[in-house]
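Work through the exercises below with the structure in view. Try each task before you read its solution.

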Amino acid sequence: MDKKALIESVIDLYKAAREIKLSFTYDNEKIRRGRSHTIASLTEDLFAYFLINKFPQVDKIVIDQPISFRSTEKARTIYPDLALIQNGTINTILDIKMDLGRKRSEVVNLFKGAQNIVREMRGKQVWYRDGITKQLFHATVTGNVKYFIVVFSRQNINQAFLNSEIEKLQSSYICNAQFYFLTDKAHPNSQNTEAAKISIEVLPDFDKLLDELNERTTGVLLQAGGEEQVISF
């Protein structure tokens with residue numbers, strides 16, 4: 001699955017979310033949904049599938065997994081959308097958003113919340129139980145852990161406001177957290193799904209995110225010209 005196929009799959013998820021579930025079994029024209037099913041959890045699954053195939057060196061990606069650690073004297077539990085686990089360590093956490101349309105006043109809060117989690121978790125031992133087997137696992141959060149806020153669509157929010165807020169954040173804080181916007185021009189939830197697939201634009205942020213993840217999982221930074229630079233940790 002490449003980037004375009006991933007985005008088109010998300011568009012298809014939005015289309016399917018408008019239908020009554022189990023309609024293939026209980027087809028009834030008298031039943032209609034007003035609001036679509038939420039697709040957030042399905043998109044998390046899809047993005048994890050995309051990443052684990054792109055970065056096979058990652059041992060495991062846990063999705064919406066309760067992860068606990070000791071903060072001061074008490075245990076604290078967080079629920080990251082995705083956490084990448086490799087060689088018993090976590091050095092990347094991802095928060096998946098479809099867009100920021102309902103969070104116009106929360107851009108700063110999202111960023112500060114991510115920074116706070118990084119600050120509390122780095123260097124800590126964490127534990128979690130597998131969602132199916134309930135087996136207990138332990139991992140170590142690296143000292144350079146980063147928190148990526150991955151937003152599928154740049155639509156549904158005032159662009160000038162968004163650019164201004166992100167510029168202020170990135171100039172005011174040590175960037176252990178980072179926004180990445182994957183698409184623009186058309187929202188994946190457009191009513192005309194085929195038109196959306198044609199007009200939607202995959203943004204450079206998508207490649208930047210993949211380059212960053214490649215660096216963090218292999219120690220190799222992919223350069224714009226195709227050359228590789230080995231990073232020392």
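**Exercise 1. Locate Asp64, then describe its backbone and its exposure.**

Step 1. Asp64 sits in the loop between β1 and β2 (67-71). Strands here are DSSP runs of E, at least two residues long, and helices are runs of H or I, at least four long, both numbered from the N terminus.

Step 2. Check the backbone. Asp64 is not a glycine, yet its phi is positive, about 50°.

Step 3. Asp64 has 44% relative accessibility, so it counts as partly exposed. The cut-offs: buried is under 20% relative accessible area, exposed is over 50%, and partly exposed is in between (1.4 Å probe, protein chains only).

A word on the model: it is predicted, so local features need pLDDT of at least 70 and side-chain atom pairs count only at pLDDT 80 or more, while totals for chains, interfaces and linings use all residues. Residues are numbered from 1 along each chain as its sequence is written, and side-chain values use heavy atoms, with hydrogens and water left out.

**Exercise 2. Where is Lys185, and is it buried or exposed?**

Step 1. Find the loop between β8 (177-184) and α5 (193-199); Lys185 is there.

Step 2. Lys185 is not a glycine, but has a positive phi of about 80°.

Step 3. The relative accessible area of Lys185 is 59%, so it is exposed.

**Exercise 3. Place Pro56 and state how far Thr217 is from it in sequence and in space.**

Step 1. Pro56 belongs to the loop between α2 (40-54) and β1 (60-63).

Step 2. With a relative accessible area of 62%, Pro56 is exposed.

Step 3. In sequence, Pro56 and Thr217 are 161 residues apart; in space, their C-alpha atoms are 9.5 Å apart.

**Exercise 4. Which residues does Asn91 touch?**

Step 1. Asn91 is part of strand β5 (residues 89-97).

Step 2. Its relative accessibility is 11%, so Asn91 is buried.

Step 3. Leaving out residues up to four places away in sequence, Asn91 touches Leu84, Thr142, Asn144, Val145, Lys146 and Arg216. Contact means heavy atoms within 4.5 Å.

**Exercise 5. At what angle do the axes of α1 and α6 cross?**

Step 1. The axes of α1 (residues 3-17) and α6 (residues 204-218) come within 12 Å and cross at roughly 115°. Axes are lines fitted to C-alpha atoms, for helices over the stretch in contact; angles run from 0 to 180 degrees between N-to-C directions.

Step 2. Lys3, Leu6 and Ile7 in α1 meet Phe206, Asp207 and Leu210 in α6.
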